[in-house]
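Reader: Could you take me through this one? I'd like to go over the confidence, a few strands and the cysteines.

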Amino acid sequence: IYMRSFSLECEYTPFMIQFKSIVGINTIELPYLISLQFDDDNIPHTLLFDIDTYDQQEPTVTLSDLNFFGLDLSTVIPGIDSFSLSLEDLNFEISLDDPVAVKNCLIQFRTPAMWQIIPKIQLDDFTIQCTFQKASDETSNDYYQAIIQSGFSLGSETDDFTVQLTIPNEGDWTLELTQEETQVVNLPNLNDIDLFAEITILNYVPSSITMNNIQLNVFSLTFNPSSNTISTLMFELTVSDLLSIATLNLSNLKFQMTIDYTQNPISYAGVLACTFNLNEINIPVSAPLPLYSQEWTVQLYEPAYVPSLSYFSSILGFDANQLLQELSGFSGIPEISINQLNLQFDETTSALKKVEFGADFIDGVSINLPPGIAVVADTISFTMNDLSGTLGVDLFELNGFIVDSVGSESLFPIQIKRTSTVWEMTLVAEDGSYFSLDCGMIGSLFPGITLPSQIQDFGVHITAIKLELSHTMEINEFSIDIRINDPNS
């Protein structure tokens, strides 16, 4: 490396002098803005070379032309030593310590050449940006990385798209679809992605699902150039067609698959995500893939607001609000935020086989249970199962609190369950635990229960509560386990 034709004007700032020069590196010469940096003792320690505006055509080089001060790019990007490269950028930093060495370097060049890296990966007309950073001490290693932008062909039926190839210091190389706003990759069918991945995608989704009008959103793979093998592949497809499964109208369908070719046998994991519409409300759901049984389950993957439980009647075949109306003191149509929704279908018939549902009430639901117990319910959940060909409610429950007569303070956590014959409210408490209460509050919280006047000033511990009601709100059983806390004992 050498410098010639220095500029006559130098700019001096504290600890640095800047000037322009023509710099020769092996067989090429380029114009540079050079910064000479000094330490606190005014001893020069670093030269920064920033390439200046070209006054000539981009030089054509090979990788060996860019080797200087021990920097060997052929070890960073093996396989393109013989390519003719158009040099677009070359900025570097030289340490003047002993020994003199390149400390940091950024090189960018492009070539119209075709590069067959491994049998399934071929690049053409690509741009390479290479960075190098010298190790800071003897305990660390030099850092290399090359990033390549290129056109890529997935197969004969798909238009080429732009990818980015990352070559690290060591380990597998990574190739991925670039996320550019202007890049849209449409697949006329699944043939090319099936051939590349060596799978049949339709074998991994429910048989009732078809895929047309497909777009490739994500495409990322790792591979070993030494062994000519792909290690992992991950891709995501979207399907713009509207699909119907049983009573669900699906839209915004996304299919994501990850394949690990290093496993024996090869491992496959994926997810099918979409939305289904309930009276113009989109419910986001997903299904894990591949299917290993005759049932497949659609699951809620993020909370969804719904104005009423009645919205689900078209899917479930019953209106949960009607069951809530059995509870005395319940009124109105509560708004909910769904946090659990699992719908299990028969893969062959698409019939709904099982439902698991859970939601939070946006505002607590006030209920007044016989013989006058004030309750605020926070959550609702239920399960349904296919019983002899008919979907029936297996479990229906609410969770909340017994509150004081004003309803301003939550006192006891309770659970209210509905079975095929009764409603049952119980205290939610671990074995051996209890809830403390002033004795005088028993009568207001639990009308009909009166404790002797001699203990009105005592405290009590509530260890269990059980209230069983018929579906018409008649009391079948009502009991409270109370332990008297005598302050004199």
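What follows is a conversation about the predicted model shown above.

Reader: Before anything else, what pLDDT does the chain average?

Author: The chain of this predicted model averages a pLDDT of 86, and 96% of the residues score at least 70.

Reader: And which elements have the lowest and the highest mean pLDDT?

Author: Among the elements of the chain, strand E2, residues 11–13, has the lowest mean, at 68, while strand E12, residues 173–177, has the highest, at 97. Where pLDDT is low, the predicted coordinates should not be read in detail.

Reader: Okay, on to E7 and E8. In what sense do they pair, and over how many bridges?

Author: E7 and E8 are paired in the antiparallel sense, with nine bridges between them, and a hairpin of five residues joins E7 to E8. As one example of the pairing, Ile-94 has Val-102 in E8 as its bridge partner.

Reader: What about E8 and E9, how many bridges there?

Author: Twelve bridges link E8 with strand E9, residues 121–133, again in the antiparallel sense. Here the hairpin that joins E8 to E9 runs through two residues, and Trp-115 stands opposite Leu-123 in E9.

Reader: Back to the E7–E8 loop for a second. Where does Val-100 lie, and is it buried or exposed?

Author: Val-100 lies in the loop between strand E7, residues 85–95, and strand E8, residues 101–118. Val-100 is classed as partly exposed because its relative accessible area is 39%, which falls between the cut-offs of 20% for buried and 50% for exposed.

Reader: Which residues make the nonpolar surface patch?

Author: Val-100 makes that patch together with Ile-1, Phe-69 and Leu-96, and the patch covers about 300 Å².

Reader: Switching topic: how many disulfides does the structure hold?

Author: The structure holds zero disulfides. Cys-130 is in no disulfide, and the nearest cysteine sulfur, which belongs to Cys-105, is 7.1 Å away, whereas a disulfide would need the two sulfur atoms within 2.5 Å.

Reader: Are Cys-130 and Cys-274 buried or exposed?

Author: Cys-130 counts as buried because its relative accessibility is 2%, and Cys-274 likewise counts as buried, at 5%.

Reader: Last one, Pro-31. Which strand is it found in, and how far is it from Lys-20 in space?

Author: Pro-31 is found in strand E4, residues 28–38, and it counts as buried, with 9% relative accessibility. Pro-31 and Lys-20 are 7.4 Å apart in space, C-alpha to C-alpha, and eleven residues apart in sequence.

Terms used
Residues numbered from 1 in each chain as written. Predicted model: local features only at pLDDT ≥ 70, side-chain atom pairs only at ≥ 80, totals over all residues. Heavy atoms only, no water. Patch = residues over 30% accessible without salt bridge, like charges linked within 9 Å, V, L, I, M, F, W, Y side chains within 5 Å. Areas by Shrake-Rupley, 256 points an atom, 1.4 Å probe, with all protein chains shown as cover. Salt bridge = Lys/Arg side-chain N within 4 Å of Asp/Glu carboxyl O. Helix = DSSP H or I, 4+ residues; strand = E, 2+ residues; numbered from the N terminus. Buried < 20%, exposed > 50% of the residue type's maximum accessible area, 1.4 Å probe, protein only. Pairing = 2+ DSSP bridges. pLDDT = per-residue confidence, 0-100.
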